[in-house]
Amino acid sequence: MSAHRVAVVAPSPVSMFNLAIPEMLFGKVETEGRPGYEVLVCTADPGPVPTTGGLDLHVPHGLDALQDADTVIVAGTGAPFEPDPRIVAAVRAAAADGKRIASLCTGAFQLAEAGLLHGRRATTYWEHADELRRRYPQVDLQGDVLYVQDGPYLTASGYAAGIDLCLHVIRTDYGAAVANRVARLALVAPVRPGGQTQFTQTPLPPERGTACADVRGWAMRNLDKPLTLTDLARYAGVSVRTLTRRFHAESGVSPLQWLLHQRVERAKELLETTTLPMDQVARACGLGTADSLRAHVLRRTGLAPSAYRAQFSRLGTAGRAASSSVA
C-alpha cells in the first residue's frame, strides 16, 4: 500500500512550529516496515518563505502539490486576516476533489475564506477567535477546544493543539496503537479528545514536568487494577493533596481524570487490535464491567464499543480468526 500523501501549505509569514508538527509526527508512522505518510511542504510562491520568527525557509514546491495529496494541512500565519487568494482557491479545489482538509492555528482563516467551514463546527487560536467569528459568522465557532472535526474538515486551535490534531489523524488512518506509539516516540502526550479546552483556562500541556512521571508510568503498567487516588499517592510517597496539586500542575487534569483517559485509550486500542469479549476488554483496561466500558467509550467517541470495533478494527480476516483462536 502506498504512503498517504500529506501536503502542508505554508502561508507567508508561516509559523515554523506549525510546519514542524506534521513532519515530526507523520514521519514516525511505519506500516509493515514502510512509511505510512509522505509529507510535502508547499507554498504559493516557491522559494524563500518568511516565517513569524524572522527567518526565511526555502520551500521548493508550489500549490500544484495539492493535486496529488490525500490530505491538505494549512499552517498558521502571522497575517491571518489577509488570506492568500491563491491558497484559498487551491484549498477550495482540493476540497472539491474530496481531499481531507485541515488547518493549524490561524490557518482556519484560509479555510473559512474558501467557504469550507460555512455551517460547520471549527476552531482557531483563542486570541483570534472573536475576529474569525466576526468575519465569518456562518462558521459554528467552537472557541475553547483543542481541535474539531466536522466531516472531512479539521481545525486545530493553536500551537500544541496541532500535535493533538495530527495524532487524531494518525489514529483515524492507522489506529490507536500506532498513534500512541508515535506519541511515545515524539515524547508528547497520548491522543487527547478534541473537546478538551484550550490552555487559556487550563495549565500547560500534559506531562509538563517530571515530579509525577514515576507514578504515571506505574499507573500505565497497572491499568488493569482498580487503582484509587490513595493507591497513586501511596506509590508516589506523598499525601493525596500533594499528589493532586502536582499532578494537576503537570497534566492539566486531576489524577483520576488522567487515569480514566488512559483507561479509555487502552480500551480503544484493545477494541482495534483484538477480538477479546467486551467484559475482558473492560477488565484489561480497569473499567470493570462491559456496562462501564460501554458508557465511557460511548461518551468519549460517540460509538458503542462494538460499533467502534466494527469501524476501527485493524485486524484483517486472517487476523480476526487468529485472535479469536488465541482468545
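**The E11–E12 hairpin**

Strands E11 (residues 147-150) and E12 (residues 153-156) run antiparallel and are joined by four bridges. This is a predicted model. Aspartate 150 has tyrosine 153 of E12 as its bridge partner. Two residues lie between the strands of this hairpin. Glycine 151 takes a positive phi there, near 65°.

**The six-strand sheet**

The hairpin strands belong to an open sheet of six strands with mixed pairing. Its order is E4-E1-E7-E8-E12-E11. Strand E4 (37-42) and E11 are the edge strands, each pairing on one side only. On average, neighbouring strands of the sheet are turned by 15° against each other, direction ignored.

E12 also pairs with strand E8 (residues 100-103). These two strands run parallel and share three bridges. Isoleucine 101 stands opposite tyrosine 153 in E12. Tyrosine 153 is also the bridge partner of aspartate 150.

**Helices on the sheet**

Helix H1 (residues 16-26) packs on the sheet. H1 touches strand E1 (4-9), E4 and strand E7 (71-74). The direction of H1 makes about 165° with that of E4.

Helix H2 (residues 85-96) packs on the sheet as well, touching E1, E7, E8 and E12. The direction of H2 makes about 145° with that of E8.

**Nonpolar cores**

In soluble globular proteins, nonpolar side chains tend to be buried together. Here the largest nonpolar core has 32 residues. Those with the most contacts inside it are Leu25, Phe26, Tyr37, Leu165, Leu167 and Ile170. At least two residues each come from E1, H1, E12, helix H5 (161-174) and helix H6 (176-185). H5 gives the most, with eight residues.

What does isoleucine 170 touch, not counting residues up to four places away in sequence? The list is Leu25, Phe26, Val29, Tyr37, Gly175, Val178, Ala179 and Val182. Another core, of 31 residues, lies apart from the largest one. Among its members are Val9, Ala129, Leu132 and Tyr153.

**Cysteines**

How many disulfides does the model have? The count comes to zero, where a disulfide needs a pair of cysteine sulfur atoms within 2.5 Å.

Are cysteine 166 and cysteine 285 buried or exposed? Buried means under 20% relative accessible area. Cysteine 166 has a relative accessible area of 0%, so cysteine 166 is buried. Cysteine 285 also counts as buried, because its relative accessibility is 0%.

Key
Residues numbered from 1 in each chain as written. Predicted model: local features only at pLDDT ≥ 70, side-chain atom pairs only at ≥ 80, totals over all residues. Heavy atoms only, no water. Buried < 20%, exposed > 50% of the residue type's maximum accessible area, 1.4 Å probe, protein only. Pairing = 2+ DSSP bridges. Axes fitted to C-alpha atoms, helices over the stretch in contact; angles between N-to-C directions. Contact = heavy atoms within 4.5 Å. Core = buried A, V, L, I, M, F, W, Y, C linked by side-chain atoms within 4.5 Å.
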